Amino acid sequence: NGLPGGCNVTCDGMMTTVVYVDDNAGGAGTGVDWANAYTIIQDGVDFAGAGEQVWVAGGTYVGPGGTASVLDMRVGIEVYGGFNPATDVYFADRTDPSLNPSFLDGQGTSYHVVIAKSNTVLDGFVIQNGNANSAFPDDSGAGLLNLGETGLEIKQCEFLNNSATYM
């Protein structure tokens with residue numbers, strides 16, 4: 001696209017840094033482009049700084065195992081799923097994330113699939129199989145745990161098969 005690795009232009013013409021995640025990437029794992037994307041979503045989110053975007057290719061993303069979350073958001077970042085690395089160079093190329101679904105899967109063992117943070121965007125994911133079956137705060141928020149965070153935008157996300165002791 002003629003831009004430095006990991007950069008993209010948003011709809012308003014502003015330059016933003018993009019970190020790439022693709023569970024099928026085989027490159028260096030630096031997150032600077034689709035070929036060298038991180039394969040673990042949390043690694044991409046941890047690398048991103050406030051005001052940056054994380055683009056996630058269609059695929060299934062799981063946590064490190066046990067009761068740990070799949071995605072622990074960071075303040076001020078935007079995470080977008082549903083990208084097709086073969087065709088999506090610009091944000092506008094991702095026309096319908098459901099055509100290339102990105103699954104965040106708690107596999108029935110994660111207490112919370114996603115842990116919310118303030119001033120973040122989560123857009124274009126299927127969030128599934130969280131199981132909040134322990135004591136507070138692990139008895140609620142199986143798909144998404146929000147403990148008083150503000151400015152969180154959830155868009156084009158579907159929550160499936162999440163269960164909690166306390167609802």
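## A walk through the strands and their contacts

Val19 has a relative accessibility of 1%, and because anything under 20% is classed as buried, this residue counts as buried. Val19 belongs to strand S2, which covers residues 15-21. Its surroundings show how a chain can bring separate stretches of sequence together: Val19 and Gly44 are 25 residues apart in sequence, while their C-alpha atoms are 6.2 Å apart in space. Leaving aside residues up to four places away in sequence, Val19 touches Gly31, Tyr38, Gly44, Phe47, Ala48, Glu52, Gln53, Val54 and Trp55.

Before going further, it should be said that this is a predicted model, and that some parts of it deserve more trust than others. The chain averages a pLDDT of 92, and 90% of the residues score at least 70. Residues 1-5 stay under 50, and for this stretch the model has seven contacts beyond four places in sequence. Where pLDDT is low, the predicted coordinates should not be read in detail.

One of the residues touched by Val19 is Trp55, and Trp55 leads to the aromatic rings. A pair of aromatic rings is described by the distance of the centres and the angle of the planes. The structure has eight aromatic pairs in its count. In one of them, the rings of Trp55 and Phe83 have centres 4.5 Å apart and planes at 10°, and because planes under 30 degrees apart count as stacked, this pair is stacked. The two partners come from distant parts of the chain, since Trp55 lies in strand S3 (residues 53-57) and Phe83 in strand S6 (residues 78-83), 28 residues apart. Both Trp55 and Phe83 are buried.

A second pair has another geometry: the ring centres of Tyr80 and Phe91 are 4.8 Å apart and the planes stand at 75°, so this pair is edge-to-face. Here too distant parts of the chain are linked, with Tyr80 in strand S6 and Phe91 in the loop between S6 and strand S7 (102-105), 11 residues apart. Tyr80 counts as buried because its relative accessibility is 7%, whereas Phe91, at 23%, counts as partly exposed. Ring pairs link these four residues with Tyr20 and Trp34 into a cluster made of Tyr20, Trp34, Trp55, Tyr80, Phe83 and Phe91.

Strand S6 has now appeared in both ring pairs, with Phe83 and Tyr80. Five of the six residues of S6 are buried, so this strand is largely enclosed by the rest of the structure. S6 is joined to S3 by four bridges, and the two strands run parallel; within this pairing, Gln53 stands opposite Glu78 in S6. S6 is also joined to strand S9 (residues 121-123), here by three bridges and again in parallel. The bridge partner of Tyr80 in S9 is Asp123.

Asp123 in turn brings in the charged side chains. Side chains of opposite charge can pair when their charged atoms come close. Asp123 forms a salt bridge with Arg94, with the closest N and O atoms 3.2 Å apart. Asp123 lies in strand S9 and Arg94 in the loop between S6 and S7, so the salt bridge ties together parts that are 29 residues apart in sequence. Both Asp123 and Arg94 are buried. Arg94 also meets the aromatic cluster, as its charged end sits over the ring of Phe83, 5.5 Å from the ring centre.

The structure holds three salt bridges, and another of them starts from a separate sheet. Three strands form this open sheet in the order S5-S8-S12, with parallel pairing. Strand S5 (71-72) and strand S12 (144-145) stand at the edges, each with a single partner strand, so one side of each is left without a neighbour in the sheet. Two bridges join S5 to strand S8 (residues 114-115), and Leu71 stands opposite Val114 in S8.

The side chains of Asp72 and Lys117 meet in a salt bridge with an N to O distance of 2.5 Å. This pair links strand S5, which holds Asp72, to the loop between S8 and S9, which holds Lys117, across 45 residues. Asp72 is partly exposed, with a relative accessible area of 28%. Glu153 and Lys155 form a further salt bridge, at 3.1 Å from N to O. Glu153 counts as partly exposed at 38% relative accessibility, and Lys155 is partly exposed with a relative accessible area of 35%.

Technical notes: Residues are numbered from 1 along each chain as its sequence is written. This is a predicted model: local features need pLDDT of at least 70, side-chain atom pairs count only at pLDDT 80 or more; totals for chains, interfaces and linings use all residues. Side-chain values use heavy atoms; hydrogens and water are left out. pLDDT is the predictor's confidence in each residue, from 0 to 100. Contact means heavy atoms within 4.5 Å. Buried means under 20% relative accessible area, exposed over 50%, partly exposed in between (1.4 Å probe, protein chains only). Rings of Phe, Tyr and Trp (its six-membered ring) pair if their centres lie within 6.5 Å; planes under 30 degrees apart count as stacked, over 60 as edge-to-face and the rest as tilted. A charge sits over a ring if NZ of Lys or CZ of Arg is within 6 Å of the ring centre and within 35 degrees of the ring normal. Two strands pair if DSSP finds at least two bridges between them. A salt bridge is a side-chain nitrogen of Lys or Arg within 4 Å of a carboxyl oxygen of Asp or Glu.
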